Amino acid sequence: MHTAYIQIAKHLIFVSSREEETMAWIREQFRPADPGEVAARLPDIILRVSSGYGKPAETFNVQVRRDDNRLTYRRDDFLLETDDRYTRASMAVHDDTALNHALMTLYSAHIVHNGWGLMIHASCIVQGGTGHLFAGQSGAGKSTVAMLSRPRPVLSDEAAIVCLEGDRPLTFDSPFRSDSVPTFDPEPIPVGSLHLLTQSLFIDRRPIRPSELVYRIMDKIFYWAADPAETVKLIALCGKLAEHVPAYDLYFQKNDLFWERIS
């Protein structure tokens, strides 16, 4: 059995698998946990991974089923089974893409369940020591914004991790990438703004009221409803995000001039 301790944001995850190729991919994609952290506490998530499951996914829809204190998340290319605290899980996957998406599913459910934070369909760019989120569904321009923003540091280009435990939202380097490489920097960055993206022929930045942001951000969270109580937690976290982070509609062209409206 091959094993590894990895770290996502503040969370320690113990992963095991019989397949060396699977573990090699995990070690490459995720920050190795600090040995002192491993010695000091138990992992937040214990995960077993196997390969050879299913077929390439035709859609990204995930079917969720609950049986007492067990939950099952099923897609064409992965099967994820976990306890209802999202601390002990197993997943069978078709390929690396499926493994990445199954890990996103588990991690997002874990941080919502514990009221820690959200994983948002967003890129996150650092400007002047502050993280700026650019959110939208596939095709909205998250990766484009990340590319246009270089050489500014990119904390995420697909799935931003935001901690909402305190009154100051923080964002972390995300290992869940599409076109960029994780920095593995363990230090969080304060969140300065959130933008909902629209590609346009003109550039504009319009404020969004907190009450409006709550329902507009919901479909941009990596989350698959398993239980009404968990959805209540999700809504509360979206409310906290809206309360503490200024939000805007950002209309942008395919150039970096939109930063003039932000800086």
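A cavity is a set of grid points where a 1.4 Å probe fits but cannot get out. The close-up views below come from a predicted model.

**View 1. The largest cavity of the predicted model has a volume of about 70 Å³.** The structure holds 2 cavities of 30 Å³ or more. Lining the largest cavity are Gln7, Ile8, Ala9 and Arg31, together with Asp173, Pro175, Phe184, Asp185 and Pro186. By class, 5 of the lining residues are nonpolar, 1 is polar and 3 are charged. Both domain 1 (2-113) and domain 2 (117-262) contribute to this lining, each with at least three residues.

**View 2. Ala9, a residue of the cavity lining in View 1, has a positive phi of about 55°.** Ala9 shows this value although it is not a glycine. Most residues other than glycine have a negative phi. Ala9 is placed in the loop between β1 (2-8) and β2 (11-17). Is Ala9 buried or exposed? Its relative accessibility is 7%, and buried means under 20%, so Ala9 counts as buried.

**View 3. Asp68 also has a positive phi, of about 55°.** Asp68, like the residue in the preceding view, is not a glycine. The loop that holds Asp68 runs between β5 (63-67) and β6 (70-75). The relative accessibility of Asp68 is 72%. Because exposed means over 50%, Asp68 counts as exposed.

**View 4. The second largest cavity has a volume of about 30 Å³.** Its lining is formed by Ile13, Ile45, Leu47, Leu103, Leu106 and Tyr107. Two elements, β4 (45-51) and α3, give two or more residues to this lining. Which element gives the most? The answer is α3, with 3 residues. The lining of the second largest cavity has 6 nonpolar residues, with no polar and no charged residues.

**View 5. The largest pocket has a volume of about 520 Å³.** Of the 25 residues that line this pocket, the closest to its centre are Phe60, His121, Ser138, Glu158 and Phe222. The elements giving two or more residues to the lining are α3 (96-113) and α4 (142-149). The largest share, 6 residues, comes from α3. How do the residues of the pocket lining divide by class? There are 7 nonpolar, 12 polar and 6 charged residues. Domain 1 (2-113) and domain 2 (117-262) each supply at least three residues to the lining of the largest pocket.

**View 6. The peptide bond from Arg150 to Pro151 is cis.** The omega angle of this bond is near 15°. Most peptide bonds are trans. Where is Pro151 found? Pro151 belongs to the loop between α4 and β11 (154-156). The helix at one end of this loop, α4, is also one of the elements that give two or more residues to the lining of the largest pocket in View 5.

Note on methods. Residues numbered from 1 in each chain as written. Predicted model: local features only at pLDDT ≥ 70, side-chain atom pairs only at ≥ 80, totals over all residues. Heavy atoms only, no water. 1 Å grid on protein atoms, 1.4 Å probe; cavity = no way out; pocket = protein on both sides within 12 Å on 5 of 7 lines; lining within 4 Å. Points joined across faces, edges and corners; volume = space filled by probe spheres on them. Helix = DSSP H or I, 4+ residues; strand = E, 2+ residues; numbered from the N terminus. Nonpolar A, V, L, I, M, F, W, Y, C, P; charged D, E, K, R; others polar. Domains from an automatic or database assignment. Buried < 20%, exposed > 50% of the residue type's maximum accessible area, 1.4 Å probe, protein only.
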